[in-house]
2 protein chains.
Amino acid sequence: MLRLSKLTDYATVILSFMAREKTQVAAMEIAAVTGIALPTVSKILKSLVNAEVLVSTRGAKGGYALARMPEEISVATVINALEGPIALTECSISHQGCEQALGCDIGGNWSLINQTIHNALESVTLADLIRPAVLPNEVFIPVSSLYR
Amino acid sequence: MLRLSKLTDYATVILSFMAREKTQVAAMEIAAVTGIALPTVSKILKSLVNAEVLVSTRGAKGGYALARMPEEISVATVINALEGPIALTECSISHQGCEQALGCDIGGNWSLINQTIHNALESVTLADLIRPAVLPNEVFIPVSSLYR
DNA sequence: TTAAATAGGACTAGAATAGTCCAGAATTAT
DNA sequence: ATAATTCTGGACTATTCTAGTCCTATTTAA
Ligand code: FES
Ligand code: FES
């Protein structure tokens, strides 16, 4: 289904909240507001700090805050923080030693696809996500999916 | 990591082979050529038939063949066949009843992202995959060649 | 009728994800 | 100082998803 992991999804929710909040907030507060369990929130925040998307302050009155402006935090960065490098195929990452299948000599054009997708994700920022919604009218849902 | 499932990867390998072959081939033959185990090949082919990417002929001398020209089979279609609808977030699919997190009111702009990615995958066909390779960004130049 | 294929679906094992928990370190408040 | 608060790092478990296998039925050719 080419989906984002749940954790990444949560991350965008959390970050959206933080982008609106603008002030430093504690993990517990985020958990309360979003309805995501504290340990899970905590885990996500830790990943985001490691990826330098957030900065943290320890101790009483501590908490988390965005490391940069929402305009400068791309969706690609967030996905990267939670799920590692964005790439569709193995060979796109390692670029060597991929022996998925003996008869495979695809290689080339996949990286073009990967690049395209990466660009798409890189071009959307947190700021875009919290904007009222540009709404591209209709979302296309394949008929076949309705019958599963 | 936003990756394709292994099965989908296999599918592209198999389809690439079939696109070159052009004639009807049996599952066993494909298994032999690609090095993928027969039951697995079989499973994938069945999915592709259901998605109408392939047509099958039963009985002795039966086998599989592309249902359309390689130019008319998009990567999006293939992914769809193996993994279901392409969408990054839950709400993009059901468009209702997504209660991932209480505080979430993202919605809108994600579908823009989804749409972009879907377009990217829709615009690449089987024919593109088997083309010698347009080779974008990184091109590997053997060090040895630099000294000639 | 027999052999060669695909069709469909059940099933198992393994891997990845989601989620929890705890002991430790840093900071502030008392 | 001491206590309370809050993040840190990693281990751990449970659950879900994926990959892969296998079996039985059906179709077709010879
Ligand atoms: S999938 Fe990596 S070489 Fe084909
Ligand atoms: S992720 Fe679905 S509503 Fe927010």
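**Figure 1. The largest nonpolar core, seen in chain B of this predicted model.** This core counts 23 residues, and the ones touching the most other members are Met18(B), Leu45(B) and Leu54(B). Four elements of chain B chip in at least two residues each: α1 (6–21), α2 (27–34), α3 and β2. The largest share belongs to α1(B), with 7 residues.

**Figure 2. Zooming in on Leu54(B) and its contacts.** What does Leu54(B) touch once its neighbours within four places in sequence are set aside? Leu15(B) and Met18(B) are on the list, as are Leu45(B), Leu48(B) and Val49(B). Tyr64(B), Ala65(B), Leu66(B) and Ala67(B) complete it. Met18(B) and Leu45(B) also turn up with Leu54(B) as the core residues that touch the most other members.

**Figure 3. Helix α1(B), start to finish.** This helix has 16 residues and reaches 23 Å from its first C-alpha to its last, close to the 22 Å expected at 1.5 Å a residue. Is α1(B) largely enclosed or largely open? Largely enclosed by the rest of the structure, because 12 of its 16 residues are buried. The buried stretch takes in Thr8(B), Asp9(B), Tyr10(B), Ala11(B), Thr12(B) and Val13(B), then carries on through Ile14(B), Leu15(B), Ser16(B), Phe17(B), Met18(B) and Ala19(B). An α-helix has 3.6 residues a turn, so residues three or four places apart point the same way. Just after the helix comes Lys22(B), with a positive phi near 75°.

**Figure 4. DNA strand C and the residues around it.** There are 24 residues surrounding this strand, and the closest are Lys6(A) and Lys43(A) from one chain and Lys46(B), Ser56(B) and Tyr64(B) from the other. Sugar and phosphate make up 66% of the strand C atoms that come within 4 Å of the protein. On the phosphate side, a polar side-chain atom of Ser5(A) sits 3.4 Å from a phosphate oxygen. For the bases, Arg58(A) puts a polar side-chain atom 3.4 Å from a base nitrogen, while Ala60(B) uses a backbone N or O atom, 3.2 Å from a base nitrogen. Elements giving at least two residues each to this surface are α1 (6–21) and α3 (38–50) of chain A, plus α3 (38–50), β1 (54–57) and β2 (63–66) of chain B. By class, the surface splits into 9 nonpolar, 8 polar and 7 charged residues.

**Figure 5. DNA strand D and its surroundings.** Here 25 residues gather around the strand, with Lys46(A), Ser56(A), Tyr64(A), Lys6(B) and Lys43(B) coming nearest. Of the strand D atoms within 4 Å of the protein, 70% belong to sugar and phosphate. Ser5(B) has a polar side-chain atom 3.5 Å from a phosphate oxygen. A polar side-chain atom of Lys43(B) lies 2.6 Å from a base nitrogen, and a polar backbone atom of Ala60(B) is 3.1 Å from a base oxygen. Two or more residues of this surface come from each of α3, β1 (54–57) and β2 (63–66) of chain A, and from each of α1 and α3 of chain B. The class tally reads 9 nonpolar, 9 polar and 7 charged.

**Figure 6. Ser74(B), tucked into a loop.** This serine is found between β2 and α4 (75–83) of chain B. With a relative accessible area of 4%, Ser74(B) falls under the 20% cut-off and is therefore buried. Neighbours within four places in sequence aside, Ser74(B) is in contact with Leu121(B), Glu122(B), Val124(B) and Thr125(B). Side chains of Ser74(B) and Thr77(B) are joined by a polar contact of 2.8 Å. Asn50(B) sits 24 residues away along the chain, with 16 Å between its C-alpha and that of Ser74(B).

Terms used:
Residues numbered from 1 in each chain as written. Chains lettered and ligands numbered in written order. Predicted model: local features only at pLDDT ≥ 70, side-chain atom pairs only at ≥ 80, totals over all residues. Heavy atoms only, no water. Near = heavy atom within 4 Å. Polar contact = N/O pair within 3.5 Å; in protein donor to acceptor, adjacent residues only side chain to side chain. Nonpolar A, V, L, I, M, F, W, Y, C, P; charged D, E, K, R; others polar. Core = buried A, V, L, I, M, F, W, Y, C linked by side-chain atoms within 4.5 Å. Buried < 20%, exposed > 50% of the residue type's maximum accessible area, 1.4 Å probe, protein only. Contact = heavy atoms within 4.5 Å. Expected span 1.5 Å × (residues − 1).
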